[in-house]
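Visitor: I would like a close look at a single part of this model, taken slowly and with its surroundings. Could you begin with one sheet and then work outwards from there?

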Number of protein chains: 2
Amino acid sequence: MIATKMQVQVENSSVIRAMFEEGKRLAAIHGAENVFDFSLGNPNVEAPPEVKLAIIDILNEYEAMDIHGYMNNSGYEEVRDAIADSINKKFATSFTQNNIIMTVGAAGGLNVILKTLLNPGDEVITFAPYFGEYRNYVSNYDGVLVVVSPKTTDFQPNLAEFKDKVTPRTKAVIICSPNNPTGVIYSEDTIIKLADILRAKQKEFSTDIYIISDEPYRELAYDDAKVPYLPQYYDNAVVGYSFSKSLSLPGERIGYLVIPDQASDFENLISGANIATRILGFVNAPSLFQRVIARCLDAKVDLEAYNRNRELLYYGLTSFGYQCAKPEGAFYMFVKSPIADEVEFCRLAKQKNILIVPGSSFGCPGYVRIAYCVAYKTIERALPGFKALIEELK
Amino acid sequence: MIATKMQVQVENSSVIRAMFEEGKRLAAIHGAENVFDFSLGNPNVEAPPEVKLAIIDILNEYEAMDIHGYMNNSGYEEVRDAIADSINKKFATSFTQNNIIMTVGAAGGLNVILKTLLNPGDEVITFAPYFGEYRNYVSNYDGVLVVVSPKTTDFQPNLAEFKDKVTPRTKAVIICSPNNPTGVIYSEDTIIKLADILRAKQKEFSTDIYIISDEPYRELAYDDAKVPYLPQYYDNAVVGYSFSKSLSLPGERIGYLVIPDQASDFENLISGANIATRILGFVNAPSLFQRVIARCLDAKVDLEAYNRNRELLYYGLTSFGYQCAKPEGAFYMFVKSPIADEVEFCRLAKQKNILIVPGSSFGCPGYVRIAYCVAYKTIERALPGFKALIEELK
């Protein structure tokens, strides 16, 4: 009796739930400390101390109505000003509050901009491997997700194939860098070429094609790697930012959209995104945390904790013979399965109490995603299992 | 270049924005204290002190990851347990955490349940006057809103017309009691008859028809008036609750859905709502405020403040000759316009610096909504304007 579309979702999700239940079952048998769960992108590094201090200061400085009340659907003006200033300092842009819409995380922001843009049948392109929810977000507005196949040599976008897949129905391109699930940063060279292709296609088809840059992992870049800022390269770029990982606040659902002045149909985009925020039922991003993040724009989580995990896992796995591009950002490693059927590999890993996600969930079979946002000790204790696994498969 | 549906929304919303801008313009000319804005349902009574105490206690008791981290998309188990227990105590129900899904306010909850239920073309019935956003929420999932015309004698639902409007395509009925915009509580007699009609229609058509009870104003009932709890009267009842008004936390976006065991297709409803929460981009209700409201389930805002406003406004307006059903709940009064064209009446009111909303926004022309969640002084100072208005129109 539920909606047909949702019936399909429920059937698919029961597989994921079965995995989750299996993890709980293993923990009950072997003890939670002997089950190595690398399946979830849930930050294990604490929010920086500035967050707690900001909450307490705000509670003491403001009247309750000015903390918990309604505001403009786009968010508090002063918060959006603070965010615009912070971006301008980093990227030499000239945004104002009028370019910023506060959102319920990046997931909320992506839904808002897709609701604003998509007519039924409009195409949205993304590059495999990609975050599986993009398919749902696009489908929510009856768009069609077009997937460009992966370039497994370096996991940069496959631009040759991309070029052929842009059509007059292409309304947007979603990119994610640092990438979930590979940890790869799309290089400046990639971004320049991507932008060049899109400018040519816009001209060819007399259309506007927006790049939606999903950036929950922007601040998680190792070795001071540079993550290109899309609005510097392309006019029709919309940025979806989140504080979920940069401040370890995923449960608080706080992020924002950046819609630059130079984007085509700017006024309608802004008005539409404001209205979409309201009518999708978000209404506004959570009010206290709008004020909190405005005071924590320069705060940072302990990136070195993730980096230690990255080094340990990368050198461990490659020393055993696993093949993997060393991630430059985020907290994921995308490892080639030692056997072609990576779903079977994940099943075998589970027998060693190691929980990892098949690449087919990201449109890239033959690989697995290992989320290393876990305790260092978890990696240390899981490595012998990874070693035994690859040896048994040789 | 934005979506066609959104283009229409943008054009409509510019009228509302114009009103808002006009309010700001008037405030600049006459001083904010001389502009009487009764247009918004933004609580003016502070959150109870328990809220601030709960926030500080939670910050001190939990690790940051257990406050700000991800949890199940449906929300923290212990929070949902606490809510179920609280409902059970009040209404002699027997809910558990499995019946509760935490949502981004009632607006988020309504979107989640409509996404779960609606196939394109499915009909959703509501009773005029009704909260205008219902039309958008239903349209988001390609449903068709069917409006039952108002019974202006007492603003109880028009059940005779309702009976004729239930069809084999009717998937749900949305009710709101205490009602926005009338403040009327749907009586137990109404609810019993409504449930009887739906049971008969379900049998006649061999369908399931859900009542979705939108309850942001449940705790705002005056003179200890009883607000019937739908699951006690009808099996296929889903409750959408919000703490926006009961705890004056509208900006925090915190509420929940109740889906009773006895609802048809219960397992799929729960799984579907959990998934809808995720894929619509809510992901989960804000995490800190889940814990906060669990500790404030018995806290109350100062209802007497709203009640004083209600008494002053009601006796003032009726003494001048305005006609109005005395509201039993919420913080709205729905007053008959002294002239047939209530949009013109709102325009004339604005000339006296009084901002009110035409009933046509709620599917009920000829009336106006006055939101009295304002300072007592605002009502005192606005009353002479209301008096002059009706006298000039006689």
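Guide: In this predicted model, the part to begin with is an open sheet in chain B, built of three strands in the order β9-β12-β11 with antiparallel pairing. The edge positions are held by β9 (332–336) and β11 (357–358) of chain B, and because each has a single partner strand, one side of each is left without a neighbour in the sheet. Between β11(B) and strand β12 (residues 367–371) of chain B there are two bridges, and these strands run antiparallel. A pair of residues can be picked out here, since V357(B) stands opposite R369(B) in β12(B). Across β11 and β12 of chain B lies helix α12 (residues 342–351) of chain B, which runs at about 40° to β12(B).

Chain B also holds an open sheet of seven strands, in the order β2-β8-β7-β6-β5-β3-β4, and its pairing is mixed. At its edges stand β2 (100–103) and β4 (144–148) of chain B, each with a single partner strand, so that one side of each is left without a neighbour in the sheet. On average, and with direction ignored, neighbouring strands of this sheet are turned by 20° against each other. Looking closely at one edge, β2(B) is joined by four bridges to strand β8 (residues 255–258) of chain B, and these two run antiparallel; within that pairing, I100(B) stands opposite V258(B) in β8(B). Helix α4 (residues 77–91) of chain B packs on the sheet, where it touches β2 and β8 of chain B, and its direction makes about 115° with that of β2(B).

From the sheets one can pass to a pair of helices. In chain B, helix α5 (residues 105–117) and helix α6 (residues 133–140) pack at an angle of about 35°, their axes being 9 Å apart, and α5(B) passes α6(B) in a right-handed crossing. On the side of α5(B) the contact is made by A107(B), L110(B), N111(B) and L114(B), and on the side of α6(B) by E133(B), Y137(B), V138(B) and N140(B). Sorted by class, the residues of this contact are five nonpolar, two polar and one charged. In chain A, α5(A) and α6(A) likewise pack at an angle of about 35°, with their axes 9 Å apart, and there too α5(A) passes α6(A) in a right-handed crossing.

These two helices lead on to the meeting of the chains, a contact that takes 61 residues from chain A and 60 residues from chain B. On chain A, the elements that each supply at least two residues of the side touching chain B include α5 (105–117) and α6 (133–140), along with α1 (4–30) and α2 (49–61). The residues of that side of chain A divide into 30 nonpolar, 24 polar and seven charged. Of the interface residues of chain A, 98% are also interface residues in chain B, so the copies meet through the same surface. A rotation of 180°, with 0.0 Å of shift along its axis, superposes chain A on chain B with an RMSD of 0.0 Å; the two copies are thus related as by a two-fold rotation axis.

Within chain A, the domain assignment gives domain 1 (4–47 + 301–393) and domain 2 (49–294), and the centres of these two domains of chain A, taken over C-alpha atoms, are separated by 27 Å. In the contact between them, 26 residues of domain 1 of chain A meet 29 residues of domain 2 of chain A. Both α11 (303–320) and β9 (332–336) of chain A supply at least two residues each to the side of domain 1 that touches domain 2, and α11(A) gives the most to it, with four residues. That side of domain 1 of chain A is made up of 15 nonpolar, seven polar and four charged residues.

Some details of the backbone of chain A complete the view. Most residues other than glycine have a negative phi, and most peptide bonds are trans. The peptide bond from A128(A) to P129(A), however, is cis, with omega near -10°, and P129(A) is found in the loop between β3 (123–127) and α6 of chain A. Another cis peptide bond joins N180(A) and P181(A), with omega about 20°, and P181(A) has its place in the loop between β5 (170–176) and α8 (188–205) of chain A. R253(A), although not a glycine, has a positive phi of about 55°, and this residue is found in the loop between β7 (237–242) and β8 (255–258) of chain A.

Note on methods
Residues numbered from 1 in each chain as written. Chains lettered and ligands numbered in written order. Predicted model: local features only at pLDDT ≥ 70, side-chain atom pairs only at ≥ 80, totals over all residues. Domains from an automatic or database assignment. Contact = placed C-beta atoms within 7 Å. Nonpolar A, V, L, I, M, F, W, Y, C, P; charged D, E, K, R; others polar. Least-squares fit on C-alpha atoms with pLDDT ≥ 70 in both. Pairing = 2+ DSSP bridges. Axes fitted to C-alpha atoms, helices over the stretch in contact; angles between N-to-C directions. Left-handed = near helix turned anticlockwise from the far one by under 90°.
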